[in-house]
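User: I should like to go through the reasoning behind the descriptors assigned to this model. Please set each value against its criterion before drawing a conclusion.

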Amino acid sequence: GMFEPYLKGFFVHSNDPTHIRLLKSYISSPDKQFVASTIQAIGRCASNISEVTETCLAGLVRLLSNRDEIVVAESVVVIKKLLQLKPKGNSEIIMHMAKLVDTITVPMARASILWLLGEYCERVPKVAPDVLRKMAKTFGSEEDIVKLQILNLAAKLFITNPKQTKLLGQYVLNLAKYDQSYDVRDRARFLRQLLIPSDTGGHLSKHVKKIFLASKPPPIIQSVFK
């Protein structure tokens, strides 16, 4: 009616229970806990109702470009679960997420996308190395949380695709070797010893695939409204 142009959302009663409200309307809510619960609810819908799985996943991927770190973090957790619950047919989603690295500036979001690329790098053998190449160029200006995931991606590609990424992986390790952060330098030293072991320190390197490529259980997202 006459008020429609001025309304962002409409509810019949002010005390409507949250589970009957439109989920999409609450992503921009100032109540961060409520936003987190909304995103978790979208994930439960995606995992339990096959008819809306693709729509929910597409919406969650779009949320990765949100500037609110809480929205990004919750979206990534849910996407991780959905991708692990559905081990096949996710290449397009992963490739779409890879493209977001060019535009997303929130460090937590960048790191989370890199984690997912590392976890599923074998499903996107052409995309993951290209993302690593881009991240190597910006390594020095990235936040520590992102640098650690660049190293993680480099390590997994070093193992799964050495022909294409071995030299690039070594380059990233060299960049991290002189980083200002103790955490980044220590991680690089640890990875180098596993991936490029010395004559006397190669015991763990025999199990490098088990260490880095072990399957991980999907995170459990429980509703706070139960």
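Analyst: The model is a predicted one. Its protein chain comprises 10 helices and 0 strands, so that, read from the N terminus, the order of elements is α-α-α-α-α-α-α-α-α-α. Of the 226 residues in the protein chain, 44% count as buried. Among contacts between residues at least 6 apart in sequence, 62% join residues at least 24 apart.

User: What makes α7 and α9 parallel or antiparallel to each other?

Analyst: The axes of α7 and α9 cross at roughly 5° and come within 10 Å. Angles under 35 degrees count as roughly parallel. The two helices, α7 and α9, are therefore roughly parallel to each other.

User: Which residues make that contact, and how do they divide by character?

Analyst: On the α7 side the contact is made by D144, K147, L148, L151, A155, F158 and I159, and on the α9 side by D183, V184, R187, A188, L191 and L195. These residues of the contact of α7 with α9 divide into 9 nonpolar, no polar and 4 charged.

User: Why is the packing of α8 against α9 called oblique?

Analyst: Helix α8 (residues 162-177) and helix α9 (residues 182-195) pack at an angle of about 140°, and their axes are 8 Å apart. The antiparallel class requires an angle over 145 degrees, and the perpendicular class spans 65 to 115. The angle of about 140° belongs to neither of these classes, which makes α8 oblique to α9. The crossing of α8 and α9 is left-handed.

User: What does the α8 and α9 contact consist of?

Analyst: From α8 it takes in Q170, L173, N174, A176 and K177, and from α9 it takes in V184, R185, A188, L191 and R192. By character, the residues of the contact of α8 with α9 divide into 5 nonpolar, 2 polar and 3 charged.

User: Which residues of α8 are buried, and what covers them?

Analyst: The buried residues of α8 are T165, L168, G169, V172, L173 and A176. Their cover includes α6 (127-138), α7 and α9.

User: How do you know whether K147 is buried or exposed?

Analyst: K147 has a relative accessible area of 6%. The cut-off for buried is under 20%, and K147 is therefore buried. K147 lies in helix α7 (residues 144-160). Not counting residues up to four places away in sequence, K147 touches F139, G140, E142, D179 and V184.

User: What is in contact with R185, and where does R185 lie?

Analyst: R185 lies in helix α9. Leaving aside neighbours within four places in sequence, R185 is in contact with A176, K177, Y178, D179 and Q180. The C-alpha atoms of R185 and L148 are separated by 9.5 Å, although these residues are 37 apart along the chain.

User: Why does C56 form no disulfide with C45?

Analyst: A disulfide is a covalent bond between the sulfur atoms of two cysteines. The criterion is a pair of cysteine sulfur atoms within 2.5 Å. The closest cysteine sulfur to that of C56 is in C45, at 5.5 Å, which is too far for a bond. The structure as a whole holds 0 disulfides.

User: How do you know whether C56 and C121 are buried or exposed?

Analyst: The relative accessibility of C56 is 13%, and C56 therefore counts as buried. For C121 the relative accessible area is 4%, so C121 is buried. Both conclusions rest on the cut-off of under 20%.

How values were computed:
Residues numbered from 1 in each chain as written. Predicted model: local features only at pLDDT ≥ 70, side-chain atom pairs only at ≥ 80, totals over all residues. Heavy atoms only, no water. Axes fitted to C-alpha atoms, helices over the stretch in contact; angles between N-to-C directions. Helix = DSSP H or I, 4+ residues; strand = E, 2+ residues; numbered from the N terminus. Left-handed = near helix turned anticlockwise from the far one by under 90°. Contact = heavy atoms within 4.5 Å. Nonpolar A, V, L, I, M, F, W, Y, C, P; charged D, E, K, R; others polar. Buried < 20%, exposed > 50% of the residue type's maximum accessible area, 1.4 Å probe, protein only.
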